[in-house]
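Please open the model in a viewer and keep the sequence at hand. The tour below proceeds by selection, with a note at each stop on what is to be found there.

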Number of protein chains: 2
Amino acid sequence: MNYLELNKEKIEQLLDEVNMQCNDVKAQNYKVDISRGKPCNEQLDIAMGMLSDPALLQNMPKNYRNYGMLDGIPEMKQIFADVLGVKPSNIIVGGNSSLNMMYDAIQRALQFGVCGSTPWNQMKAKFICLVPGYDRHFAICEHFGIEMISVPLNEDGPAMDIVERLVENDDTIKGIWCVPKYSNPTGCTYSQEAVERLAKMHTKAKDFRIFWDNAYAVHDLMDQTDKLANIMQIAEKYGNEDRIYEFTSTSKITFAGAGVACMACSENNVKDVISHMSFQTIGYNKIEQYIHSQYLKNVENINEIMKKQKAIIKPKFDKILSALDETFAQDCNIARWTKPNGGYFITLYVLNGCAKRVYEVCKDLGLTLTKAGAPFPYGVDDDDSVLRIAPTFTSNEDLEIACKILVLAVQKACLEKLLER
Amino acid sequence: MNYLELNKEKIEQLLDEVNMQCNDVKAQNYKVDISRGKPCNEQLDIAMGMLSDPALLQNMPKNYRNYGMLDGIPEMKQIFADVLGVKPSNIIVGGNSSLNMMYDAIQRALQFGVCGSTPWNQMKAKFICLVPGYDRHFAICEHFGIEMISVPLNEDGPAMDIVERLVENDDTIKGIWCVPKYSNPTGCTYSQEAVERLAKMHTKAKDFRIFWDNAYAVHDLMDQTDKLANIMQIAEKYGNEDRIYEFTSTSKITFAGAGVACMACSENNVKDVISHMSFQTIGYNKIEQYIHSQYLKNVENINEIMKKQKAIIKPKFDKILSALDETFAQDCNIARWTKPNGGYFITLYVLNGCAKRVYEVCKDLGLTLTKAGAPFPYGVDDDDSVLRIAPTFTSNEDLEIACKILVLAVQKACLEKLLER
């Protein structure tokens with residue numbers, strides 16, 4: 001059914017039916033939340049063994065319990081290096097949160113500059129924000145008063161013509177946020193060409209940094225998986241290796257709240273970061289790092305763990321995708337959505353001007369979605385069309401309910417909007 | 001023997017004897033380090049059980065493994081609240097490092113101000129540094145370009161007349177570093193009067209903060225223990241509760257590199273800190289917090305753990321103190337030292353102008369001391385008389401050697417100096 005071709009009478013009739021179904025649903029007093037990209041308990045169960053296995057600790061060097069080793073233990077550096085395709089000397093192992101490492105990197109750049117550049121606090125610094133994107137990235141910029149310039153994220157990566165033009169002409173544009181693989185929230189992975197252009201583009205700011213949040217480096221969902229080009233290697237080829245700040249963590253491999261994070265960057269950057277970090281802390285939790293290294297072992301074993309993760313969450317993605325497929329034909333013109341091969345999110349695009357209304361209707365029916373607008377700087381989606389769906393945390397039972405509510409809400413909001421025309 | 005009364009001949013004779021002994025020692029090629037306040041392996045062994053005890057995890061709420069709970073879990077808040085004599089609502093539980101929480105607190109104040117005040121970056125902010133004091137506190141100020149004003153730390157706490165006069169007249173003096181109990185490095189504990197005056201003094205800066213680094217809150221060494229007045233309670237009495245940023249951690253209760261840290265402050269401050277922290281991270285490691293809470297249990301049990309710590313390190317302090325006692329009479333006039341009831345350090349005061357030389361002679365003989373000057377802002381001890389002794393990390397065997405070298409080096413440096421007169 002192509003909703004755009006419906007006449008007023010038909011719209012009213014459909015809306016009546018949808019409203020009746022909404023009433024039925026509302027009477028059930030559901031309470032379901034698909035707003036955050038959190039792993040579910042079954043996923044978190046996978047790693048429970050690492051918490052109380054004396055064997056993992058058997059050969060731990062005694063000094064790992066003490067102060068020191070600011071940049072992390074070699075065992076964990078090696079694993080992160082292998083996951084990201086860099087050298088262990090490119091790795092700084094952190095605490096439990098890669099977001100914390102990103103925030104700190106921005107705060108350091110504001111206060112001290114990077115590698116000796118002028119502190120970003122001393123100018124009106126700007127960042128390029130690909131949209132739709134990750135709300136917590138944008139929130140950091142907003143908090144620090146860094147001006148955000150929205151640039152579309154296409155299916156194959158950033159709209160590079162626009163990015164290149166911007167960074168070439170404005171030396172106060174200091175960085176860009178990227179979730180290059182299984183992007184939050186669209187699930188897209190940047191093409192080889194996009195990565196190459198990011199790595200080699202000319203930036204007027206000599207201290208420009210790509211914040212490469214590779215959060216979903218090993219987080220495949222489907223049999224068909226995406227391959228992300230190695231930006232560190234490519235940047236090195238063009239002499240731009242200092243441009244890259246890469247981040248990842250085990251948050252969605254072991255425990256969301258108790259994993260291990262890392263930053264990967266050129267040796268110049270490592271030196272610069274450590275020169276400040278050495279005043280901030282004596283070192284992160286090396287016992288945690290060691291236990292992780294013994295549990296994760298190597299990339300092959302991480303991939304085995306991720307297969308277990310996939311077995312739990314793929315059916316959840318399938319459920320949402322099927323519900324959308326069953327309700328909305330390809331030519332319906334009121335809803336389309338991404339079909340990611342990995343990561344934690346589906347992006348649902350609804351008829352322009354309807355996303356907020358879908359959010360409200362869902363809320364009214366007992367389903368919490370990520371706030372409409374959240375994937376945009378300042379929370380403003382000019383088209384009011386994007387919704388982020390996070391299927392992982394919810395139980396399969398609740399996800400059935402979520403699907404029912406979601407498709408109803410999309411129908412209701414869009415039919416209402418069509419009636420206004 | 002009163003060294004100041006020796007004639008030149010006697011000094012030369014003693015110096016000859018000391019030099020001969022130094023030659024003997026040097027021939028042994030010793031390599032001993034008493035430079036850092038690190039626990040020894042035996043101390044770290046105490047807590048090993050907590051790392052692989054499934055019983056500790058048995059009742060852990062499942063959501064502790066996931067994202068969230070930015071300010072920490074209630075179980076750990078309760079323990080820190082009891083240790084510090086505050087309410088759980090005053091506690092923010094952090095990662096593994098209280099230093100990191102202090103650094104972040106300063107960085108936030110520079111970038112954003114505190115509780116809505118003007119960002120400290122927008123002025124030439126100054127801090128009062130009590131001397132001798134903790135080098136890492138001073139290093140944070142130096143790194144951020146915060147000007148340091150040295151004020152003497154007496155046996156009963158800060159020279160309060162000076163502190164009061166300074167803060168009353170200069171609104172760019174924004175804070176003071178304090179290690180109020182078993183101070184680093186003198187081991188002194190602030191008197192009730194000193195705490196009271198700090199809590200009630202008039203500060204021209206409305207956003208003045210006392211950085212109350214209560215690192216050694218439960219770290220008794222001797223049968224006679226010091227009691228520290230509860231500054232949060234006293235400050236509240238004077239309506240100055242927002243003035244206090246208190247910090248502590250389990251670094252020297254469980255693992256130096258893998259403990260749990262906290263910040264304690266008024267509810268206004270908690271709200272202010274969290275309003276920024278919420279952009280920095282989704283939460284610290286709650287599994288770590290939970291394991292700690294189950295292992296530590298309560299204040300009584302912590303005191304039991306600390307008795308085990310004491311049993312290991314008291315003999316080390318005794319060894320140093322005895323060696324000094326045996327070599328230097330009370331009226332020797334070239335060396336005096338503190339006799340702390342707790343903490344991690346002994347401060348050794350040598351004849352003015354001799355501390356650096358003692359450090360060098362020790363180094364030459366194979367003993368690494370904390371650098372002379374380290375306990376002072378910018379690393380400069382005007383009197384060149386203070387040395388920090390950290391006995392805990394070294395084995396008892398090596399500590400014998402350390403004592404031998406230390407007393408020789410003090411004699412040598414001071415005799416050389418006396419000869420110059």
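## First stop: a buried lysine and its partner

Select A:Lys126, which counts as buried because its relative accessibility is 15%. The model is a predicted one. Now add A:Asp170 to the selection: A:Lys126 forms a salt bridge with A:Asp170, and the closest N and O atoms are 2.9 Å apart. This pair links distant parts of the chain, for A:Lys126 belongs to strand β3 of chain A, whereas A:Asp170 sits in the loop between α7 (160-169) and β6 of chain A, 44 residues apart.

Turn next to chain B and select B:Lys126 with B:Asp170. Their side chains meet in a salt bridge of 2.9 Å, N to O. Here B:Lys126 lies in strand β3 (residues 126-131) of chain B and B:Asp170 in the loop between α7 (160-169) and β6 (173-178) of chain B, with their positions 44 residues apart. B:Lys126 has a relative accessible area of 15% and is therefore buried.

To close this stop, select A:Asp161, A:Glu164, A:Glu193 and A:Arg197, which a network of salt bridges links. Over all chains, the count of salt bridges comes to 38.

## Second stop: aromatic pairs

Return to chain A and display the rings of A:Phe127 and A:Trp177. The structure holds 26 aromatic pairs over all chains. In this pair the ring centres are 5.7 Å apart and the planes stand at 45°, so the pair is classed as tilted. A:Phe127 is in strand β3 (residues 126-131) and A:Trp177 in strand β6 (residues 173-178) of chain A, 50 residues apart. Both A:Phe127 and A:Trp177 are buried. Extend the selection to A:Trp120, A:Phe211, A:Tyr245 and A:Phe247: ring pairs link these residues with A:Phe127 and A:Trp177 into a cluster.

For a stacked pair, select B:Tyr216 and B:Tyr344, whose rings are 5.9 Å centre to centre with 20° between the planes. B:Tyr216 is in the loop between β7 (209-213) and α9 (231-237) of chain B, and B:Tyr344 is in the loop between β10 (335-337) and β11 (346-350) of chain B, 128 residues apart. B:Tyr216 counts as buried at 4% relative accessibility, and B:Tyr344 counts as buried at 2%.

## Third stop: an asparagine in a loop

Select A:Asn341, found in the loop between β10 (335-337) and β11 (346-350) of chain A. Is A:Asn341 buried or exposed? With a relative accessibility of 15%, A:Asn341 counts as buried. The side chain of A:Asn341 makes a polar contact of 2.8 Å with the side chain of A:Asp226. Apart from neighbours within four places in sequence, the residues in contact with A:Asn341 include A:Tyr182, A:Asp220 and A:Leu221.

## Fourth stop: the interface between the chains

Colour the two chains separately and show their contacts: 54 residues of chain B are in contact with 54 residues of chain A. The area buried between chain B and chain A is about 4,700 Å², and carbon and sulfur atoms give 53% of this area. In chain B, the residues that lose the most area to chain A are B:Arg65, B:Tyr67 and B:Phe279, together 17% of what that side buries.

Two salt bridges are counted between chain B and chain A. In one, B:Arg65 pairs with A:Asp45, with the closest N and O atoms 2.7 Å apart. Select also A:Arg65 and B:Asp45, whose side chains meet in a salt bridge of 2.7 Å, N to O. A:Arg65 lies in the loop between α3 (54-57) and α4 (74-84) of chain A, and B:Asp45 in helix α2 of chain B. A:Arg65 counts as buried at 2% relative accessibility, whereas B:Asp45 counts as partly exposed at 35%.

## Last stop: helix α11 of chain B

Select residues 286-296 of chain B, helix α11. Ten of the eleven residues of this helix are buried, so the helix is largely enclosed by the rest of the structure. Among the buried residues are B:Ile287, B:Tyr290 and B:Leu296. The buried residues pack against α11 (286-296) of chain A, and against α3 (54-57), α4 (74-84), β2 (91-93) and α12 (299-327) of chain B.

Finally, inspect the two ends. At the N-terminal end, B:Asn285 caps the helix, with a side-chain oxygen 3.1 Å from the backbone nitrogen of B:Ile287. Just after the helix, B:Lys297 takes a positive phi of about 65°.

Methods: Residues numbered from 1 in each chain as written. Chains lettered and ligands numbered in written order. Predicted model: local features only at pLDDT ≥ 70, side-chain atom pairs only at ≥ 80, totals over all residues. Heavy atoms only, no water. Buried < 20%, exposed > 50% of the residue type's maximum accessible area, 1.4 Å probe, protein only. Helix = DSSP H or I, 4+ residues; strand = E, 2+ residues; numbered from the N terminus. Contact = heavy atoms within 4.5 Å. Polar contact = N/O pair within 3.5 Å; in protein donor to acceptor, adjacent residues only side chain to side chain. Buried area = accessible area lost by both parts, 1.4 Å probe. Salt bridge = Lys/Arg side-chain N within 4 Å of Asp/Glu carboxyl O. Phe/Tyr/Trp six-rings, centres within 6.5 Å; stacked < 30°, edge-to-face > 60°.
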